[in-house]
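Me: I would like to go through this structure in short questions and answers. Please give the reasoning before each result.

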Amino acid sequence: MKLTRVSGTLGLVALAAIVGPYAMADDAAGWYGGVNVGQSRAKIDDVRITSGLLGGGLATTSISDDNRDTGYKLYGGYQFNKNFALEGGYFDLGNFGFTAITVPAGTLNGNIKVRGLNLDLVGTLPITEKFSAFARVGADYAQARDSFRGTGAVLVLNPNPSKRELNYKLGVGLQYAFTEALAMRLEAERYRINDAVGNRGDIDLLSVGLIYRFGATKPAYAPRAAEPARAAYTPPPPVVVAAPTPPPAPPAPPAPRKVTFSADSLFDFDKAIVKPEGRQRLDTLAGELKGADFEIITVTGHTDRIGPHEYNLKLSTRRAEAVKAYLVESAGIPAAKIGAVGKDGSDPVTKPGDCRGAKSPKVIACLQPDRRVEVEVTATKASR
């Protein structure tokens, strides 16, 4: 629920209080305490999560959010007079999380727990003998505890960050007094929170609760003195201006795509000419690229670690250029939109220690995944 909508409603109620026949008694000072329980809601920044994964070379196919939970707060305060009180307490806004599915295959699961202390100045506006509106402004000292877990291609470097920070909080509400000591509150609050990974956001809490005034022996409200009769006044009807409908957000671009071909499936040993069976594999990719709306394609040739550096770099570059030339010819892609680079084994797929030993048929076979050609379609535009 948006606090701006609740604020507008309570603002109208507060305006009606100007002509209300009752006001809180001037001697209403004293201590009180209470508890509220309700629903909390957080805004999870899916765009920032997608951008972070993309920076690590991972495309996001879907994100599911768990942005609602049950929150509560325990508080106590001192009422200085009918209009002002100072209130402090403990709050627990609950747990929130998300699950992102990535390409290459993997998942990233995130969870955050938020709780802390607050100190608020509360302003009260009596409306009737039992009914009043109030607003609060103050500070929250919140602790955010995050937990992240990755599977597959997703590697989490810091799985359990946490943060304690002082921020502001705001709120509005309505109160109804059952007796001199016991009352009920309905509140909408917004807590500013640091999520422990460099992002500040808001968590809203819509709650209902009970408040108890200690030592209440006098009525919380007293009728105002009668005022002289005045001529009736009919206010003009309010002018309502509808807010303009915001334009729809532009469609998000689809994720980049990378296709990897084994060098042995495209080329003969020590050659840079695409062989017939390799052309069949490239024809499948070329058919998908025809008519596609993209900005650039990068073809990267890779060799294994065996052999001289300069020779491997030349061979991988020639193979990348050969794949580029075939895609230009078969898919009709402008050559300016395709880049070709070669690498000399500096970016292997195999892990250190997987293929130990000097050059031998066994080691060459073990290093086969490193000999490859990667075709990456990047900066793809959304279709219009």
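Me: What is the relative accessible area of Asp270?
Reply: This is a predicted model, in which local features need pLDDT of at least 70 and side-chain atom pairs count only at pLDDT 80 or more, while totals for chains, interfaces and linings use all residues. Residues are numbered from 1 along each chain as its sequence is written, and side-chain values use heavy atoms, with hydrogens and water left out. Buried means under 20% relative accessible area, exposed over 50% and partly exposed in between (1.4 Å probe, protein chains only). Asp270 is partly exposed, at 34%.

Me: What is the phi of Asp270?
Reply: Most residues other than glycine have a negative phi. Asp270 is placed in the loop between α3 (263–266) and α4; helices (H or I, at least four residues) and strands (E, at least two) are DSSP runs, numbered from the N terminus. Although Asp270 is not a glycine, its phi is positive, about 65°.

Me: Which residues does the cis peptide bond join?
Reply: Most peptide bonds are trans. The bond in question has an omega of about 0°, and one of its partners is in the loop between β5 and β6. The residues joined are Val103 and Pro104.

Me: How many aromatic pairs are there?
Reply: A pair of aromatic rings is described by the distance of the centres and the angle of the planes. Rings of Phe, Tyr and Trp (its six-membered ring) pair if their centres lie within 6.5 Å; planes under 30 degrees apart count as stacked, over 60 as edge-to-face and the rest as tilted. By this rule the count of aromatic pairs is 6.

Me: Why does the pair of Trp31 and Tyr78 tie together parts that are apart in sequence, and how many residues apart are they?
Reply: The rings of Trp31 and Tyr78 are edge-to-face, with 4.8 Å between centres and 65° between planes. Trp31 lies in strand β2 (residues 30–42) and Tyr78 in strand β4 (residues 68–79), so the pair ties together parts whose separation in sequence is 47 residues.

Me: Which of Trp31 and Tyr78 is exposed?
Reply: Tyr78 has a relative accessibility of 26% and counts as partly exposed. A relative accessible area of 57% makes the other ring residue exposed, and that is Trp31.

Me: What is the angle between the planes of Tyr212 and Phe214?
Reply: The centres of the Tyr212 and Phe214 rings are 5.4 Å apart. Tyr212 counts as partly exposed, at 42% relative accessibility. The pair is edge-to-face because the planes are at 75°.

Me: The charged end of which residue sits over the ring of Phe134?
Reply: A charge sits over a ring if NZ of Lys or CZ of Arg is within 6 Å of the ring centre and within 35 degrees of the ring normal. Over the ring of Tyr32, 5.4 Å from its centre, sits the charged end of Arg213. Over the ring of Phe134, at 4.7 Å from its centre, sits that of Arg185.

Me: What is the volume of the largest pocket?
Reply: On a 1 Å grid over the protein atoms alone, a pocket is an open set of points where a 1.4 Å probe fits, with protein on both sides within 12 Å along at least five of seven lines; lining residues have an atom within 4 Å of a point. Grid points are joined across faces, edges and corners, and a volume is the space filled by probe spheres set on the points. The largest pocket is lined by 34 residues, with Arg48, Ile49, Phe98, Phe148 and Val197 nearest its centre. Its volume is about 840 Å³.

Me: Which elements give two or more residues to the lining of the second largest pocket?
Reply: The second largest pocket has a volume of about 630 Å³. Its lining has 21 residues, and Gly57, Leu58, Pro104, Lys258 and Glu374 lie nearest the centre. The elements that give two or more of them are β12 (257–262), β13 (296–302) and β15 (372–378).

Me: Which element gives the most to the largest nonpolar core?
Reply: A nonpolar core is a set of buried Ala, Val, Leu, Ile, Met, Phe, Trp, Tyr and Cys residues joined through side-chain atoms within 4.5 Å. The largest one has 24 residues, of which Ile297, Val299, Val323 and Val375 touch the most other members. Elements giving two or more residues include α4 (276–289), α5 (309–331) and β14 (338–343). With 6 residues, the element that gives the most is α5.
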